[in-house]
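Me: Hey, can you walk me through this one? I'd like to start with the salt bridges.

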Amino acid sequence: MEDRFSYLCRKIEEWKACGMLIPPAVLATQRFQVVAHHTLMPLCESLAQALTNGGLPTTVSGSPDDETRWVTVQMVDYDAVIAMTPSPNPSRMRITATGGHVGTQVLTWDVPYRSFHAGGMDQQIEAIVFRLVSPQRLR
């Protein structure tokens, strides 16, 4: 009876030894931290500068480190916030948005990390900003 799952047990031990067996929550956090530091923070800072230059005061804050793991963009005059955090799915990042013209409604997207290629994330964030700040008649 002990031999029934011996191959599976050997593979699990092999994966552990190579550091390949990582719980999904840990993997999600690790991926978010890499993307947040190298891509997300610069993207959000660029967005904030463009919005501020366009007359919408905007701030970026975040702590993509081991403790809190988040990045936010706040459009001050609209009391609108876009927050980015790890998703429960390690291949995705969670984006939530609230305030502005959507009021207290919370909009949520789980966005694949592959969206960062070819400007896809720029377009995603831009669409969210439009949804939060554009006048009702334009949406």
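Reply: Sure. A salt bridge here is a side-chain nitrogen of Lys or Arg within 4 Å of a carboxyl oxygen of Asp or Glu. By this rule the count comes to 2 salt bridges. Keep in mind that this is a predicted model.

Me: Okay, which residue does E14 pair up with?
Reply: E14 pairs with K11, at 3.2 Å from N to O. Both sit in helix α1 (residues 6–17), 3 residues apart, and that's about one turn of the helix.

Me: Is E14 buried or exposed?
Reply: In between: E14 has a relative accessible area of 40%, so it's partly exposed.

Me: And what does R94 bridge to?
Reply: To D110, with the closest N and O atoms 2.7 Å apart. This pair links distant parts of the chain, since R94 is in strand β4 (residues 92–98) and D110 is in strand β5 (residues 107–112), 16 residues apart. R94 is partly exposed at 27% relative accessibility, and D110 is partly exposed too, at 29%.

Me: New topic: how much space is in the largest pocket?
Reply: About 200 Å³. Its lining includes L43, L47, F130 and V133. Two elements give two or more residues to that lining, α2 (24–53) and α3 (120–133).

Me: Which one gives the most?
Reply: α3, with 6 residues. By class, the lining has 8 nonpolar, 1 polar and 2 charged residues.

Me: Where is the kink in α2 centred?
Reply: On A36, and the kink is about 55°. Then, just after α2, G55 takes a positive phi of about 100°.

How values were computed: Residues are numbered from 1 along each chain as its sequence is written. This is a predicted model: local features need pLDDT of at least 70, side-chain atom pairs count only at pLDDT 80 or more; totals for chains, interfaces and linings use all residues. Side-chain values use heavy atoms; hydrogens and water are left out. On a 1 Å grid over the protein atoms alone, a cavity is a set of points where a 1.4 Å probe fits but cannot get out, and a pocket is an open set with protein on both sides within 12 Å along at least five of seven lines; lining residues have an atom within 4 Å of a point. Grid points are joined across faces, edges and corners, and a volume is the space filled by probe spheres set on the points. Helices (H or I, at least four residues) and strands (E, at least two) are DSSP runs, numbered from the N terminus. Ala, Val, Leu, Ile, Met, Phe, Trp, Tyr, Cys and Pro count as nonpolar, Asp, Glu, Lys and Arg as charged, and the others, Gly among them, as polar. The bend at a residue is the angle between axes fitted to the seven residues ending there and the seven starting there. Buried means under 20% relative accessible area, exposed over 50%, partly exposed in between (1.4 Å probe, protein chains only).
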